[in-house]
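This report describes one structure for a reader who has not met it before. It begins with a single residue and then turns to larger parts.

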2 protein chains.
Amino acid sequence: MSSLKEVAKLANVSIATVSRVVSGAEYVSESTRKTVLKAVHKLDYKPNKVAQRLRSKSGNKKLIGLIVPDIQNPFYVDVVRGVEDMCYSNNFAVFMCNFAQDETKERLYLDLMKSEAVDGLILAPASEKDVEVIKLVKSGLPVVCVDRSLKEVDVDSVVVDNRNGAFSAVEFLINRGYKKIAYLGGLPNIPTTIQRQRGYTDALVKNGFKLNESFILTGDSKHISGKKMATELLEMDNPPDALFTGNNLITLGALEVIHNKGLKIPDDIAIIGFDDMPWSISLNPPLTAVSQPGYEIGRRAAAMLFNRIAEPERENVQLVLNTKLVIRDSC
Amino acid sequence: MSSLKEVAKLANVSIATVSRVVSGAEYVSESTRKTVLKAVHKLDYKPNKVAQRLRSKSGNKKLIGLIVPDIQNPFYVDVVRGVEDMCYSNNFAVFMCNFAQDETKERLYLDLMKSEAVDGLILAPASEKDVEVIKLVKSGLPVVCVDRSLKEVDVDSVVVDNRNGAFSAVEFLINRGYKKIAYLGGLPNIPTTIQRQRGYTDALVKNGFKLNESFILTGDSKHISGKKMATELLEMDNPPDALFTGNNLITLGALEVIHNKGLKIPDDIAIIGFDDMPWSISLNPPLTAVSQPGYEIGRRAAAMLFNRIAEPERENVQLVLNTKLVIRDSC
DNA sequence: TTGAAAGCGCTAACAT
DNA sequence: ATGTTAGCGCTTTCAA
């Protein structure tokens, strides 16, 4: 890789002049501009971003970090795409990491981001009181939380109304006449799991059901744990007649168990999922689901982050988007 | 963020000594080690990777780039996870970008990677004669191609036997008695599309079929294009009785069209897909598919890259993994 | 065993 | 309009 120095030598000017030409700024005579550009072209010169980043103060690096809890979850993929598109059109680069719901990895990537000197960070904290993230926020680094927010500290965030989304799903089940509704939650300590469970119990209580503790399960937000929970539930002496699954991957896991057992949906067992998927209509049967605007969450989060990078002292904002119940044939 | 300088001041030593302690190397007396470590801890010092990267020569940066064609495609997600896991256990960080099958974006990210000074790159070239990638390889940067390889240049690669995978899928269809088999391909200029089409025509020819050009379609490897191609095919006067879909997303798009039209699989129309998915069993009906070892591809590619970084002059290797036909109920 | 100092490639303040 | 130079945070010779 060629450097400023080489270009300068070839063009017979100082490195400062080359820098000026390349950065497009300042007063450079047309003739030197041309000479320099020719040299730039000839050497296929690309500014070394690493050096640029080392030099420039924070806020000018045009690089943000994105820490994703689980890239296998299509919901986060939507978020990622939203962030990416927004960054792309604003000339920001994205340094992305996937911690696969593993807190140790999350910590590692957090450190990495700090030492990569990003301008800001978009992430879904492992828990509401994620110490590391709280430290980061307090340190003054621009941070936007997505999907899950933080307690005890003021921070920008873009989340969804999980409690209401869950509430409407469970109430829908109740209205359809299901009597024994189970909740298959994700990781017990993350806000989304808790809020969705809240929606679940609220709907049940409001409709005069009494809660059955053995119908409330939590796992680890992944496919395999959806399988485990569904198996446990379905093999009870008095099994549920409907499943409310806490996310995408759990839904898919539960579906797999149901199909393997040769059970009929919704006659033998009904199911409604949190998170819609592009192929929900192609599932057997087409899945009724609570749809989250993942792409929009990503776009908004990125916009919010740019905003804070530009204006570090502005008030924090918490954006709550709505979910939508998409009715198909699984309950 | 604290720097070496601050730690040095606090510990009353030179920055060189701190650097030595932190990097774990060299002869440092036990007593100074302790003092320094205390200071490091107190200031929560983390080495600035940007500075490290600027300083250290290539091969020591412990950072690789990963350029993914389409993160919405679950196959690539598997590859990503394989790469990540391998990197994680070898203390490499991954700088990941998704170009969403957009060549302009690909070029941008390629430039970005170059200027980010990564130790090496894992990528799926946009085409077999992707000029930019070829330039990169020739420049000496360690590169491993996944999923698709390069023509006219020697490069490390991990791919799958697309032609045979497609061949066995189509032959399976033929053996089941289907007579009018269509191919719904991805982007026409990428190697996988071409090789899978080759498998398709080979199987047909070998079994005495004559090719029907109007049954061979290509699109852009995405969900929407699967819908478009399926619609076109299904609305013909003399439509196919079986669909061989060129990838994941195309399969899902085709499935959506079939279901929207109220057609029965496999009676009205059969379908077999390239790429299996974790939830294939939960589709309606459970999908018969050609399964690629995505995770393994990722792991192998990362291993291969580390290898080349360590030994830049070793011979190139082309690894071809096998696909597996997973038989379910869609044909 | 430790420190001083050069230099990675760049930007920006200052000088010309 | 252009050049000189300091310095971002680090590693690594060389010297002490």
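Does B:I224 count as buried or exposed, or does it fall in between, as partly exposed? In this predicted model, B:I224 has 14 C-beta neighbours inside 10 Å, so the residue counts as partly exposed. The cut-offs explain the verdict: a buried residue needs 20 or more such neighbours, and an exposed one has 12 or fewer. B:I224 belongs to helix α10 of chain B, which covers residues 223–234. Its C-alpha atom is 8.9 Å from that of B:A254, a residue 30 positions away along the chain.

**Chain A as a whole**

Chain A has 12 helices and 12 strands. Of its 331 residues, 52% count as buried. The radius of gyration of chain A is 25 Å, whereas a compact globule of 331 residues would have one near 20 Å. Along the principal axes, the C-alpha atoms of chain A fill a box of roughly 85 × 40 × 30 Å. Of the contacts in chain A between residues at least 6 apart in sequence, 70% join residues at least 24 apart.

**A sheet in chain A**

An open sheet of 6 strands in chain A has the order β7-β6-β8-β9-β10-β12, with mixed pairing. Why do β7 (216–218) and β12 (324–326) of chain A stand at the edges? Each of these two strands has a single partner strand, so one side of each is left without a neighbour in the sheet. On average, neighbouring strands of this sheet are turned by 15° against each other, direction ignored.

Strand β6 of chain A, residues 181–185, runs parallel to β7(A) and is joined to it by 3 bridges. Within this pair, A:L184 stands opposite A:L217.

Helix α8 of chain A (residues 162–175) packs on the sheet, where it touches β6, β8 (242–245), β9 (270–274), β10 (288–291) and β12 of chain A. The direction of α8 makes about 170° with that of β9(A). Helix α9 of chain A (residues 191–206) lies across β6, β7, β8 and β9 of chain A, and runs at about 170° to β6(A).

**Surfaces near the DNA strands**

Around DNA strand C there are 25 residues, and A:L4, A:N48, A:A51, B:T17 and B:Y27 come nearest. Two or more residues of this surface come from each of α2 (15–22) and α4 (49–55) of chain A, and likewise from α2 (15–22) and α4 (49–55) of chain B. The most, 4 residues, come from α4(A).

DNA strand D has 27 residues around it, of which A:A16, A:Y27, B:L4, B:N48 and B:A51 come nearest. At least two residues of the surface near DNA strand D are supplied by each of α2 and α4 of chain A and α2 and α4 of chain B. Here α2(B) gives the most, with 5 residues.

**The contact between the chains**

Chain A and chain B each put 38 residues into their contact. On the side of chain B that touches chain A, the elements giving two or more residues are α4, α5 (74–89), β2 (93–98), α6 (103–116) and α11 (248–260) of chain B. Of these, α6(B) gives the most, with 6 residues.

The table sets out the three surfaces by residue class.

| Surface | Nonpolar | Polar | Charged |
|---|---|---|---|
| Near DNA strand C | 12 residues | 10 residues | 3 residues |
| Near DNA strand D | 13 residues | 10 residues | 4 residues |
| Side of chain B that touches chain A | 21 residues | 8 residues | 9 residues |

Note on methods:
Residues are numbered from 1 along each chain as its sequence is written. Chains are lettered from A and ligands numbered from 1 in the order in which they are written. This is a predicted model: local features need pLDDT of at least 70, side-chain atom pairs count only at pLDDT 80 or more; totals for chains, interfaces and linings use all residues. A residue is near a molecule or strand if its C-beta atom, placed from the backbone, lies within 6 Å of it. Ala, Val, Leu, Ile, Met, Phe, Trp, Tyr, Cys and Pro count as nonpolar, Asp, Glu, Lys and Arg as charged, and the others, Gly among them, as polar. Two residues are in contact if their C-beta atoms, placed from the backbone, lie within 7 Å. The radius of gyration is taken over C-alpha atoms; the globule rule is 2.2 Å times the number of residues to the power 0.38. Two strands pair if DSSP finds at least two bridges between them. Axes are lines fitted to C-alpha atoms, for helices over the stretch in contact, and angles run from 0 to 180 degrees between N-to-C directions.
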